[in-house]
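Me: I would like a close look at the part of this protein that surrounds the ligand, together with the loops and helices that help to place it within the chain. Please take me through it in one connected account.

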Amino acid sequence: METIVELCKRRGIIFQSSEIYGGLRGAWDFGPLGVALKENVRDAWKTAMFQLRDDVVPIEASILMHPKVWEASGHVGGFTDPLVDCRNCQSRYREDQLPTNKSGEIYCPNCGQAGTFTEAREFNLMFRTFVGPSEDTAAQVWMRPETAQGMFVDFAHVQLTSRKKVPFGIGQIGRSFRNEITPRNFIFRVREFEQMEMEFFCKPGTDEAWHDYWIRQRYDWYTALGMDPANLRIRPHAEDELSHYSKGTVDLEYRFPMGWGELEGIANRGDFDLTQHAEHSGKDLSYFDQAAGERYIPYVIEPAAGVDRTVLAFMVDAYAEEEAPAAKGGTETRTVLRFHPDLAPVKVAVLPLSKKDTLTPTARRVNDLLKPHFRGVDYDESGQIGRRYRRQDEVGTPFCVTVDFETVEDDDAVTVRDRDTMDQDRVPIENLVAYLDDRFAAARA
Ligand code: ATP
């Protein structure tokens with residue numbers, strides 16, 4: 001993990017928030033390459049969820065919602081973690097995340113003492129703030145701790161106006177906030193993060209089949225984007241682990257450097273949410289199924305993923321160090337992020353062989369040619385060509401396009417270098433866009 005954190009910092013992908021003031025725990029900023037990577041993860045999710053389907057529609061709900069939403073959802077009463085302090089060294093922990101020693105007692109990872117913890121206090125993870133000028137309880141609202149509730153409270157409106165029939169889904173990507181007791185493991189557990197959630201409304205009785213369906217869909221999404229199946233597993237929740245709303249949950253877990261960790265939860269929420277909101281709001285949230293001629297409260301299957309955790313998982317999965325031929329003979333260690341081309345923050349780098357004036361106009365022409373076709377074209381003319389290749393490998397650029405003297409004097413063609421095989425193809429500039437399109441399509445096939 002330290003290697004990834006260091007690489008992210010050095011290349012300005014992800015770094016501490018408010019760094020010049022010493023940082024803020026559990027808060028991270030995404031730099032230019034990080035923004036592109038995150039955007040690509042969101043895009044891939046939106047493509048799979050919305051663009052390629054007819055039965056899921058997007059919304060963008062407000063982060064601040066009516067406070068009753070969080071009473072109905074159970075978050076005001078129950079969204080808590082058990083907080084304990086070590087009496088010996090004053091470190092603070094989530095009790096259920098403490099390690100146990102050989103005699104089965106939890107101990108403090110900081111000072112090593114067992115049996116020195118305070119009684120656990122239930123600590124609500126929701127951040128609160130106030131709307132308007134007076135800071136009293138009537139003005140109190142919560143920063144949403146999940147995006148899901150937006151889909152439930154908007155269910156009737158969206159169903160009616162989009163004219164979707166059950167089964168169908170509503171999804172959104174957006175910020176969520178949780179006052180985590182111990183944010184840690186880089187962007188794995190933070191206090192402000194982004195979720196990609198979808199609520200799939202279906203007829204009671206069909207829910208288990210839809211649950212299985214969505215587990216498979218979501219698993220395949222990660223592997224289609226290049227994730228190694230050896231690092232991805234499906235873990236059903238044990239009975240005593242289930243949330244209050246859940247009829248059954250499985251986690252998709254990734255093998256992070258610190259161990260297996262949840263990447264996405266896929267829950268069968270039954271009719272809990274719509275029933276709760278119908279009761280608390282007094283609005284009818286049932287659905288009339290014309291085909292079956294019956295009215296019911298739909299059941300809900302929810303795949304809920306985190307953008308930040310997904311970014312981290314893909315980065316860990318793509319990271320490789322390998323021996324490669326060095327420019328001066330022999331070999332050297334090459335760091336390469338083997339991102340799926342759809343995820344790579346830079347798609348193509350345009351590299352004039354040297355900074356000579358004779359090459360610049362052609363290199364610029366190639367750059368201008370590619371920009372409208374690919375989001376993420378990087379123009380780099382500084383330093384030795386070998387070093388520039390390594391810089392691109394390190395951030396996972398699938399293709400480097402080199403403009404050399406032959407290009408200008410002879411063939412109007414460029415050299416395209418493949419990140420993984422380091423093979424080079426000579427491609428006429430007039431065919432370059434089509435050539436790259438084919439290579440990207442091949443990676444998706
Ligand atoms: P955990 O048990 O790790 O706290 P959770 O089960 O509470 O997670 P969910 O409520 O199921 O998480 O949220 C869905 C997804 O949102 C998670 O799978 C994860 O990817 C992401 N997520 C949740 N909390 C955080 C956080 N503090 N930081 C980053 N991502 C998070």
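Reply: The chain holds 13 helices and 23 strands, and it is a predicted model, so that everything below describes computed coordinates. Along its principal axes the C-alpha trace spans about 75 × 65 × 50 Å, and of the 445 residues in the chain, 49% count as buried.

Within that framework, the ligand sits in the largest pocket. The shell around the ligand is made up of 15 residues, of which R178, E180, R189, V190 and E262 come nearest. By character, the residues of this shell divide into 6 nonpolar, 2 polar and 7 charged. As for the elements that contribute to the shell, β10, covering residues 192-202, β13, covering 259-270, and β16, covering 299-306, each supply at least two of its residues.

Individual polar contacts can be followed from both side chains and backbone. An N or O atom in the side chain of E180, which is also among the residues that come nearest to the ligand, lies 2.8 Å from a nitrogen atom of the ligand. A nitrogen atom of the ligand is also found 3.3 Å from a backbone N or O atom of F188. An oxygen atom of the ligand, for its part, lies 3.0 Å from a backbone N or O atom of G306. Taken alone, the ligand would expose 590 Å², and the protein buries 83% of that area.

The stretch of chain that precedes β10 deserves a careful look as well. N185 is placed in the loop between β9 and β10, and this residue has a positive phi of about 60° although it is not a glycine. N185 counts as partly exposed because its relative accessible area is 28%, a value that falls between the limits of 20% and 50%.

One step further back along the chain is the loop between α6 (155-162) and β9 (168-177), where P167 has its place. A cis peptide bond joins V166 and P167, with omega at about 10°. R163 belongs to the loop between α6 and β9 too, and its phi is near 55°, a positive value in a residue other than glycine. With a relative accessibility of 72%, R163 counts as exposed, because the limit for that class is over 50%.

Helix α6 itself contains F155, and the setting of F155 contrasts with that of R163: F155 has a relative accessibility of 2% and therefore counts as buried, whereas R163, at 72%, is exposed. The C-alpha atoms of F155 and I170 are separated by 7.8 Å, the two residues being 15 apart along the chain.

Two residues elsewhere in the chain complete the account. A230 lies in the loop between α7 (207-224) and β11 (232-236), and it is partly exposed, because its relative accessible area is 43%. Between A230 and W28 there are 29 Å in space, C-alpha to C-alpha, and the two are 202 residues apart in sequence. R387, in turn, is found in helix α11, which covers residues 385-394, and with 48% relative accessibility R387 also counts as partly exposed, because this class ends at 50%. From R387 to T275 the C-alpha to C-alpha distance is 60 Å, for a pair 112 residues apart in sequence.

To return to the site you asked about, the ligand sits in the largest pocket, with polar contacts that involve the side chain of E180 and backbone atoms of F188 and G306.

Note on methods. Residues are numbered from 1 along each chain as its sequence is written. This is a predicted model: local features need pLDDT of at least 70, side-chain atom pairs count only at pLDDT 80 or more; totals for chains, interfaces and linings use all residues. Side-chain values use heavy atoms; hydrogens and water are left out. A residue is near a molecule or strand if one of its heavy atoms lies within 4 Å of it. A polar contact is a pair of N or O atoms within 3.5 Å; within protein, one must be able to donate a hydrogen and the other to accept it, and residues adjacent in sequence count only if both atoms are side-chain atoms. Accessible areas come from the Shrake-Rupley method with a 1.4 Å probe; for residues, only the protein chains shown count as cover. On a 1 Å grid over the protein atoms alone, a cavity is a set of points where a 1.4 Å probe fits but cannot get out, and a pocket is an open set with protein on both sides within 12 Å along at least five of seven lines; lining residues have an atom within 4 Å of a point. A molecule sits in a cavity or pocket if more than half of its atoms lie within 2 Å of its grid points. Helices (H or I, at least four residues) and strands (E, at least two) are DSSP runs, numbered from the N terminus. Ala, Val, Leu, Ile, Met, Phe, Trp, Tyr, Cys and Pro count as nonpolar, Asp, Glu, Lys and Arg as charged, and the others, Gly among them, as polar. Buried means under 20% relative accessible area, exposed over 50%, partly exposed in between (1.4 Å probe, protein chains only).
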